[in-house]
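Work through the exercises below with the sequence and the model side by side. Each task is followed by a solution in steps.

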Amino acid sequence: MPPDSLLELERVCKRFGDLQAVDALSFGVRAGEVFGFLGPNGAGKTTTLRMVMGITRPDEGRILFDGSADLDRGRVGYLPEERGLYPDAPVLDTLIYLGELRGMRAGAARQAARAWLERLELTDRAGHKVNTLSRGNQQKLQLAGAVLHRPALAVLDEPFSGLDPLNQELAMRIMRELCAQGTAVLLSAHQLDLVERLADRFLLLSRGRALFGGTLEEVRRAATGGADLVVRVELTARAGRDPVERAVTTVIPGDRLEWETLGDGRQALEIAVPPGRDLAPLLAAVAAHAVVHGVDTQRLPLHELYVRAVESDRGARRTLASEVAGG
Amino acid sequence: MAERRFEWLPVVRWELARVLRRGDFIASVLLTPLLAIGFGWLPSMLAGGGRPVALAVVRVEASGALSPARLADTKSLRWTAPPGDARDLAALERMVREKRVAGAVALAADFADSGRATVLMRASRPGWLEDVRTALRGEARRERAAGLGLDSTALARLDAPLRLQERVATAAGGSRDPQAARAERLVGLALVVLMMAVLFSTISYLMIGISGEKQARVTEVVVSAIRAESWMDGKILAFTLIGLLMALAWAGSLLMLGGALAFSLPVSVRAGSLLVDVAFAILGLYFYNALFAAVLATMQGIESSAKFQGYFFVLPMTPLLFLAPLLRDPEAGWLVAVSQLPPLSPTLLPVRIALGAAQPWEIALALALLALGGWWMRGVAGRIFRLGMLMYGKDPTLPEILRWMRAR
């Protein structure tokens with residue numbers, strides 16, 4: 001385990017009948033970072049998080065928390081995807097109970113619960129029953145319940161679900177503060193724009209396996225193979241796009257081009273450039289067949305990287321399946 | 001997975017607070033003794049509250065004419081002359097039919113010799129009929145004794161009570177006063193009935209506490225904080241305590257009411273016997289709560305109880321099947337054996353103890369087996385819950401449950 005990892009998964013596998021839910025998954029989460037744990041529905045994220053929390057056990061591999069295979073439940077917080085609260089219990093009592101379950105003394109839990117209610121602007125609802133709160137407020141309450149005891153590791157599965165944009169910002173502030181206090185946040189969410197703003201590192205899971213992982217820049221490099229170059233050109237009416245495409249493909253083989261017609265009648269040519277490639281011959285090839293009006297590099301958002309990677313993985317799976325079927 | 005010490009304790013406090021604050025629980029604790037008393041006393045209150053029944057009594061002469069007769073009043077009967085002018089038996093019968101009297105007794109002229117008398121009533125076998133029979137037997141005795149020339153002193157000598165000294169030789173050795181044995185039997189049975197009543201009253205709260213929380217999706221939050229087994233331990237303990245509180249409230253209110261109504265309480269019950277009965281009631285409550293918790297852990301919701309799990313909820317009633325043979329022969333070998341089994345011992349052993357038929361080793365063994373059974377069952381409940389809690393939308397099959405029971 002790297003010395004700075006608070007949580008480390010080593011070749012973890014989980015199978016349900018014929019389904020390999022998690023397949024030799026390895027990653028580490030460091031103290032004080034937000035780790036974005038991404039993947040499409042059914043990728044194995046929740047199964048992995050449940051194993052991290054000791055709710056289910058891996059079939060193979062091991063999970064180390066602070067160097068030990070013995071999870072200290074008092075030092076972790078968990079906001080599960082399948083979550084709920086006691087509908088008929090008072091709001092304050094619910095938070096105190098969740099704190100006590102994590103090993104807090106009743107007095108400390110009460111103090112922390114009151115502070116959190118104030119922070120969430122729910123002080124006036126402390127004595128009300130949970131089911132009188134709006135869905136968003138219940139969601140905030142559950143987030144507070146997961147981190148009330150200042151855990152070393154907070155595992156948050158879809159924490160933005162049901163929150164309006166203002167409360168999403170509040171949740172993000174809470175997570176940043178936790179990290180500033182040294183808490184490691186393992187975050188699984190489908191709101192990729194928020195995750196992109198929040199997470200220090202990412203891991204994309206598909207069909208139980210890691211597709212890519214690292215910082216956003218590392219992920220971009222892994223997903224696109226380098227930078228996306230956008231060249232705005234004016235084509236000669238007679239030749240059209242074909243000569244440009246042929247020229248580019250000569251310099252960079254493969255299917256790496258996308259066209260877009262701009263409002264002024266010009267064309268935007270998007271080229272995925274492999275890492276370390278000299279751009280001059282590429283631009284020269286384009287300029288030989290069109291008038292270049294501008295050049296820009298594009299930084300793909302996490303959303304785009306995610307979609308590309310998952311679709312590419314699915315395509316590979318379909319190809320493999322058809323090859324197997326075809327013998 | 002590390003287990004903190006007493007991590008089940010917050011669960012006990014939480015469940016106690018949740019249930020004890022419920023309005024329906026408070027109403028149930030307060031109203032049940034009142035309802036029980038009401039159902040026991042209301043019919044007799046409505047029927048006259050213990051006032052004696054007034055019956056007409058006459059003697060039928062050989063001519064068929066009626067003449068006045070006297071019988072001694074008792075606690076339940078007051079004898080009167082028939083109202084108006086009842087000249088014959090037909091007239092007396094008409095009076096009864098027309099509800100001018102509750103009933104009437106016509107003694108034959110030769111009642112002392114023949115013992116013949118006619119009892120007139122509107123419904124067959126009224127409640128006072130047995131009292132009338134007793135009164136007539138006494139009257140016949142008196143008249144026959146007078147015919148034989150015996151005065152009241154001689155008759156009193158004849159009726160002098162026997163001074164039998166009854167001793168019950170107990171299986172545990174030694175002997176007991178039968179009145180004390182009867183009192184202990186009464187207390188033992190009362191505790192068994194109390195345990196059953198409490199058990200069936202707490203099932204609904206246990207259902208809310210286990211399968212209800214599965215439906216509310218609280219499960220995963222809690223079992224990420226403490227072990228599933230600890231959660232179940234806390235719940236089983238909490239619901240056992242709730243049952244005991246309920247039993248204390250009910251027993252206390254019934255005893256207070258009994259005291260207020262000047263009932264004689266069975267003071268001759270031995271402390272040891274009472275302790276054993278209480279131990280069986282508490283351990284029985286714990287065992288059945290653990291069993292029900294295990295069963296509820298297999299269910300998605302209350303609607304699942306329509307399936308095979310429903311049979312487990314009638315398990316506490318099965319000892320009733322053994323009661324008749326047990327009362328006939330409490331020392332039968334097969335009854336000694338079955339009364340050791342944890343599902344049956346909380347009911348059968350107190351009855352056998354009350355009958356003086358249980359040896360000390362049987363009591364000790366049954367208590368030990370019951371405690372071990374409860375402990376084992378709470379482990380089973382925890383395992384089933386841990387392995388089955390994430391099975392949303394589908395009830396587990398019996399083979400799956402059996403596999404979970406054996407899992408580590």
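**Exercise 1.** Which residue in β2(A) stands opposite A:Phe16?

*Solution.* A:Phe16 faces A:Leu19 in β2(A). The model is predicted, with local features needing pLDDT of at least 70 and side-chain atom pairs counting only at pLDDT 80 or more, while totals for chains, interfaces and linings use all residues. Residues are numbered from 1 along each chain as its sequence is written, and chains are lettered from A and ligands numbered from 1 in the order in which they are written.

**Exercise 2.** Describe the pairing of β1(A) with β2(A) and place both strands in their sheet.

*Solution.* Step 1: find the strands. Strand β1 of chain A covers residues 5–16 and strand β2 of chain A covers residues 19–30. Helices (H or I, at least four residues) and strands (E, at least two) are DSSP runs, numbered from the N terminus.

Step 2: determine the pairing. The two strands are antiparallel over eight bridges; a pair requires at least two bridges found by DSSP. A:Arg15 stands opposite A:Gln20 in β2(A).

Step 3: inspect the turn. β1(A) and β2(A) form a hairpin with two residues between them, and A:Gly17 in the turn has a positive phi of about 60°.

Step 4: extend to the sheet. The order β2-β1-β4 (chain A) describes an open sheet of three strands with antiparallel pairing. β2 and β4 (60–65) of chain A are at the edges, each with a single partner strand, so one side of each has no neighbour in the sheet. From one strand to the next, the twist averages 15°.

**Exercise 3.** How do helix α4 and helix α5 of chain A cross, and which residues make the contact?

*Solution.* Step 1: compare the axes, which are lines fitted to C-alpha atoms, for helices over the stretch in contact, with angles from 0 to 180 degrees between N-to-C directions. The axes of α4 (residues 135–147) and α5 (residues 165–180) of chain A come within 11 Å and cross at roughly 5°.

Step 2: classify the angle. α4(A) and α5(A) are therefore roughly parallel to each other, a term for angles under 35 degrees.

Step 3: list the contacts (C-beta atoms, placed from the backbone, within 7 Å). α4(A) contributes A:Gly136, A:Lys140, A:Leu143 and A:Val147, and α5(A) contributes A:Asn167, A:Ala171, A:Ile174 and A:Leu178.

**Exercise 4.** How many residues does each chain give to the contact of chain A with chain B?

*Solution.* Chain A gives 22 residues and chain B gives 16 residues. On the side of chain A, the largest share, three residues, comes from helix α2 (residues 91–101).

Methods
Contact = placed C-beta atoms within 7 Å. Parallel < 35°, antiparallel > 145°, perpendicular 65-115°, else oblique.
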